[in-house]
Amino acid sequence: VSEPDVRRDTPWRPLAAVLVATVLAGCSGGEAKEPAATPTTATTAPPPAAAPAPRPPNEGDCYGLTFRHALAPTSAARPTPCDRPHTTETYAVGTLDTVVEGHLLAVDSERVQAQVADACPEKVARFLGGDRADLRLSMIRPVWFTPSLAQSDRGADWYRCDVVVIAGDQDLAEPDTSLQGALDDDAVRDGYAMCGTAAPDDPDFERVICSADHSWRAIRVVPYEPGDYPGVQAVRAPLASPCEDAGLDVAADPLDYEWGYEYPTKEQWEMGQTWGLCWAPD
């Protein structure tokens, strides 16, 4: 029985001032008077027109982001055609709520960012199809972006939700079509499913998509009761029986088979990974 720790797949103001100079005329006593200077009126140039707010992104756009850029909080990349290789696809765009009790919050504040971290994962299932277990057994993940501080100061108040396919360690897959409904399609779901280059407790284990070379596959999700992290023993104990059964279900020889499991750490639990995974050779 393998009992590895889960390896997490993972995943801002212009100001102008106008100075006005006033020329004053003066006169002095005496028989000869110098002619008074003609008063000069200074004119104030109108302030430059405010730059328009940046246009929000569009649902259905695709981008060729690197792994590192896909995990960044903002993105300045331009869209690329979705029928060509790309790494991310926008499945939802929404509006940020940056005013709380009359106070304007910065776009990078914890409260504003938490809105997006809740909204994007909630919307991804409707886009991908399938069920929650299908998503958790896949290498498809949501990522999200908000405006930069400079864009926010110019009025940008959107957030953008994209999907990516994690192909391997620090590497993204490059689909050449939309991922909408991907988990409803058996062939697409299988190709983007979660596999491993070795048993999950092997030092050489790397999580990869199942269309890549692999030797093990994640075969079942075991959810836990919601709440605070219950500790390693409490998340490990419930996995043995269902994972052994899952391994038996896919085994070629019911008398000689292998199986394994993964359970979340406290940090991963707090990041939302409140389930375990069963694995078997593939």
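In this predicted model, Trp259 has a relative accessible area of 14%, which is under the 20% limit, and therefore counts as buried. Tyr261 is buried as well, with a relative accessible area of 3%.

**Aromatic rings**

The aromatic pairs in the structure number five. In one of them, the rings of Trp259 and Tyr261 have centres 6.2 Å apart and planes at 35°, so this pair is described as tilted. Elsewhere, ring pairs bring Tyr224, Tyr229 and Trp269 together in a cluster. The ring of Tyr63 has a charged partner: the charged end of Arg160 sits over this ring, 3.8 Å from its centre.

**Nonpolar cores**

In soluble globular proteins, nonpolar side chains tend to be buried together. The largest nonpolar core in this model contains 45 residues. Tyr91, Leu128, Ile140, Val163, Val165 and Leu179 are those with the most contacts inside this core. Among the elements that give two or more residues to the core are the helices α1 (67-70) and α2 (110-128), together with the strands β2 (88-95), β5 (140-145) and β6 (158-168). Strands β10 (216-223) and β12 (275-281) also give two or more residues. Apart from this core lies another one, of twelve residues, which include Val222, Cys243, Trp259 and Tyr263.

Leu179 may serve as an example of a core residue. When its neighbours within four places in sequence are left aside, Leu179 is in contact with Glu89, Phe127, Leu128, Val163, Val165 and Tyr192.

**Salt bridges**

The structure has seven salt bridges. One of them joins Glu262 to Arg207, with the closest N and O atoms 3.1 Å apart. Glu262 belongs to strand β11 (residues 260-262) and Arg207 to strand β9 (residues 207-209), so this salt bridge ties together parts that are 55 residues apart in sequence. Both Glu262 and Arg207 are buried.

A further salt bridge is formed by Arg217 and Asp282, whose closest N and O atoms are 3.2 Å apart. This pair also links distant parts of the chain, since Arg217 is in strand β10 and Asp282 in the segment after β12, 65 residues apart. Arg217 has a relative accessibility of 17% and so counts as buried.

The salt bridge between Glu270 and Lys266 has its closest N and O atoms 2.5 Å apart. These two residues are four residues apart in helix α8 (residues 266-270), so about one helical turn separates them. Glu270, at 56% relative accessibility, counts as exposed, whereas Lys266, at 46%, counts as partly exposed. Salt bridges with shared partners also join Asp190, Arg217 and Asp282 into one network.

**Disulfides**

There are four disulfides in the structure. With the bonded cysteines counted along the chain, their pattern is 1-2, 3-4, 5-6, 7-8. The table presents three of these links.

| Disulfide | S to S distance | Angle about the S-S bond | Handedness |
|---|---|---|---|
| Cys62 and Cys82 | 1.9 Å | 105° | right-handed |
| Cys120 and Cys161 | 2.0 Å | -75° | left-handed |
| Cys243 and Cys278 | 2.0 Å | -75° | left-handed |

Each of these links joins distant parts of the chain. Cys62 is in strand β1 (residues 62-63) and Cys82 in the loop between α1 and β2, 20 residues apart. Cys120 lies in helix α2 and Cys161 in strand β6, with their positions 41 residues apart. Cys243 is part of helix α7 (residues 240-250) and Cys278 part of strand β12, 35 residues apart. Cys62 and Cys82 are buried, as are Cys120 and Cys161, and Cys243 and Cys278.

Conventions
Residues numbered from 1 in each chain as written. Predicted model: local features only at pLDDT ≥ 70, side-chain atom pairs only at ≥ 80, totals over all residues. Heavy atoms only, no water. Core = buried A, V, L, I, M, F, W, Y, C linked by side-chain atoms within 4.5 Å. Buried < 20%, exposed > 50% of the residue type's maximum accessible area, 1.4 Å probe, protein only. Contact = heavy atoms within 4.5 Å. Phe/Tyr/Trp six-rings, centres within 6.5 Å; stacked < 30°, edge-to-face > 60°. Lys NZ or Arg CZ within 6 Å of the ring centre and 35° of its normal. Salt bridge = Lys/Arg side-chain N within 4 Å of Asp/Glu carboxyl O. Disulfide = S-S within 2.5 Å.
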